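Here are some short exercises to work through with the model open beside you. Try each task on your own before reading its solution.

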Amino acid sequence: MFDLKLIRDNPEEFDRALARRGEDPRAAEILALDEKHRALITEAQTSQARRNEASKLIGKAKAQGNEEEAQALMAEVSGLKDKLTQLEEDARNAGEQLNLLMMHLPNAVYDDVPQGDSEDDNVEVRTWGTPREFDFAPKEHFDLGEAMGLMDFERAAKMSGSRFVILKGGIARLERALGQFMLDLHTREHGYTEVLTPAMVRDTALFGTGQLPKFGEDAFRTTTDHWLIPTSEVTLTNMHSGEILDEETLPLRFTAHSQCFRAEAGSAGRDTRGMIRQHQFEKVEMVSVTTPEQSDDELERMTGCAEEVLKRLELPYRVVKLCTGDIGFSARRTYDIEVWLPGQDKYREISSCSVCGDFQARRLKMRCRPKGEKNTRFVHTLNGSGLAVGRTLIAVLENYQLADGSIRIPEVLKPYMGGLDQIGV
RNA sequence: GGAGAGGUGGCUGAGUGGUCGAAAGCGCUCCCCUGCUAAGGGAGUAUACUGGCAACGGUAUCGAGGGUUCGAAUCCCUUCCUCUCCGCCA
């Protein structure tokens, strides 16, 4: 959500920001509506002021037993009524129309975000690690998993359809180990507070983070009109909605290990084999709530926290800065981390870290107040995966596979695997 | 699921149709007083929008949304949430 004042002050820049996202100019339309809205409010308020004043005089007159004056005033106020009702309704309608329009507009990206149409235009920022040399043809994760009998797509499909998986034995344990490891790292070393949130939310929560109103198709809805969370970014970011936070308490850093549910409506035919793209997956998420001054540095920090997971797992990766065609609705700048998958012979997304500025905070009415000051301002929010657990599992399987199809356990995971150092033997 | 009780400012808690944005207490801030500390006295202390250079105004908000009324924290309806008892249950 944008600040109307900024659009008023600089409509050209606002339209330019929309243009970078491939959106049509909207400033003129918005400002016309805004002007109408405010004019209606002002007019309604003038009438309300007179009504309030007269009503108080009526009370006074009645208290003094001056029935004649009371009657005269009552007649006046009742004459205002129809006009006022109409004005209030018009003002409300204009406000709703304006709000709806604003809710559909994506956040403005930073100047350094590269212009582009698709993920092909993302810019590599850095790489870490060297892809391992194989003296055999490395397999994809689903071949490895199915051969071991520990990854079962067919039986999952029998009960749930496509894009679901059953994990068993060592692979199930590996998935659990990865989630635990990530959570421990972020809570013990990176200063994040562990949180366990609901997996079902109301409309308002998804509006707050930006999934609604535009992207309802991507999420699942229950018969009780709840939504299954597509990421715990939603719940972590919504925690302090409507609150005024003491600025001294910022930044807030939360992490959660949750199930995520995505309809993948627009992804038919993409990544149909394997665990890359599932309707249900596990993710460890990081969310930060910061002051406006802190948010840029926080993005670098958060990305580093996500990278650290891969470093400790000794998985090669690269960091890319998303271009305007690939960046998400609420983000001002996003770094994707892509892990090396030998089976696919390419880097694949495993984390996405974004700074949203005050875009979500405005929707969520989440503010902060500097100590001793009267005025409040909107906080900044950030979110990032640290990491997508299912995809990390894939990366471990593919990078740590041996010629016989078994999997070596990364050093750092051994404590979480009960000392096991290999699966599928 | 059944039956009840509630949702008021940072907190506790008054207020059941009129000068109520809201008593009082607590907390907090500032000032005064005071060898120190403690106690005491005084003033201030919500949010959003809006007008104004400012001083200072206006409007809305007593969970949310509608309604009744000249006027609603107070009455009516809807809805969300919390709590108690019963039932069911991981």
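**Exercise 1. A histidine in a loop**

Decide whether His190 is buried or exposed, then list what it touches.

*Solution.* Keep in mind that this is a predicted model. Step one: the relative accessibility of His190 is 11%. Step two: the cut-off for buried is under 20%, so His190 counts as buried. Step three: place the residue in the chain; His190 sits in the loop between α7 (169-188) and β4 (193-194). Step four: set aside residues up to four places away in sequence, and His190 touches Leu185, Arg253, Arg301, Cys305 and Glu308.

**Exercise 2. A serine and its partners**

Find the loop that holds Ser406, and work out which side chains make polar contacts with the side chain of Ser406.

*Solution.* Begin with the loop: Ser406 lies between α12 (389-399) and β16 (407-408). Next, check accessibility: with a relative accessible area of 0%, Ser406 is buried. Now look at the neighbours. Beyond those within four places in sequence, Ser406 is in contact with Tyr400, Gln401, Gln422, Ile423, Gly424 and Val425. Then turn to the polar contacts of the side chain. One, of 2.6 Å, joins Ser406 to the side chain of Asp404. Another, of 2.8 Å, links Ser406 with the side chain of Gln422. To finish, try a distance across the model: the C-alpha atoms of Ser406 and Asp203 are separated by 45 Å, and these two residues are 203 residues apart along the chain.

**Exercise 3. A sheet of three strands**

Work out the strand order of the open sheet with three strands, and say which strands form its edges.

*Solution.* First, read the order: the sheet runs β7-β13-β14, and its pairing is mixed. Second, pick out the edges: β7 (244-246) and β14 (377-378) each pair on one side only. Third, examine one pair closely. β13 (residues 367-369) and β14 are antiparallel and share two bridges. Within it, Cys368 stands opposite Arg377 of β14.

**Exercise 4. The surface near the RNA**

Describe the protein surface near RNA strand B: which residues come nearest, and which element gives the most?

*Solution.* Start with the count: 25 residues surround RNA strand B, and Ile58, Val77, Arg202, Arg369 and Thr376 come nearest. On the RNA side, sugar and phosphate make up 71% of the strand B atoms that come within 4 Å of the protein.

Next, sort the residues by class: 13 are charged, seven polar and five nonpolar. Then sort by element. At least two residues each come from α1 (4-9), α3 (27-63), α4 (67-103) and β13, and α3 gives the most, with 12.

Last, follow individual side chains to RNA strand B:

- Thr376 has a polar side-chain atom 2.4 Å from a phosphate oxygen.
- Gln45 has a side-chain N or O atom 3.3 Å from a sugar or linking oxygen.
- Arg51 has a side-chain N or O atom 3.4 Å from a phosphate oxygen.

**Exercise 5. Two domains**

State how chain A is divided, and how many residues each domain brings to the contact.

*Solution.* Chain A has domain 1 (4-103) and domain 2 (119-423). Five residues of domain 1 and nine residues of domain 2 take part in the contact. Finally, compare the C-alpha centres: those of domain 1 and domain 2 are 44 Å apart.

Definitions and conventions: Residues numbered from 1 in each chain as written. Chains lettered and ligands numbered in written order. Predicted model: local features only at pLDDT ≥ 70, side-chain atom pairs only at ≥ 80, totals over all residues. Heavy atoms only, no water. Pairing = 2+ DSSP bridges. Helix = DSSP H or I, 4+ residues; strand = E, 2+ residues; numbered from the N terminus. Buried < 20%, exposed > 50% of the residue type's maximum accessible area, 1.4 Å probe, protein only. Contact = heavy atoms within 4.5 Å. Polar contact = N/O pair within 3.5 Å; in protein donor to acceptor, adjacent residues only side chain to side chain. Near = heavy atom within 4 Å. Nonpolar A, V, L, I, M, F, W, Y, C, P; charged D, E, K, R; others polar. Domains from an automatic or database assignment.
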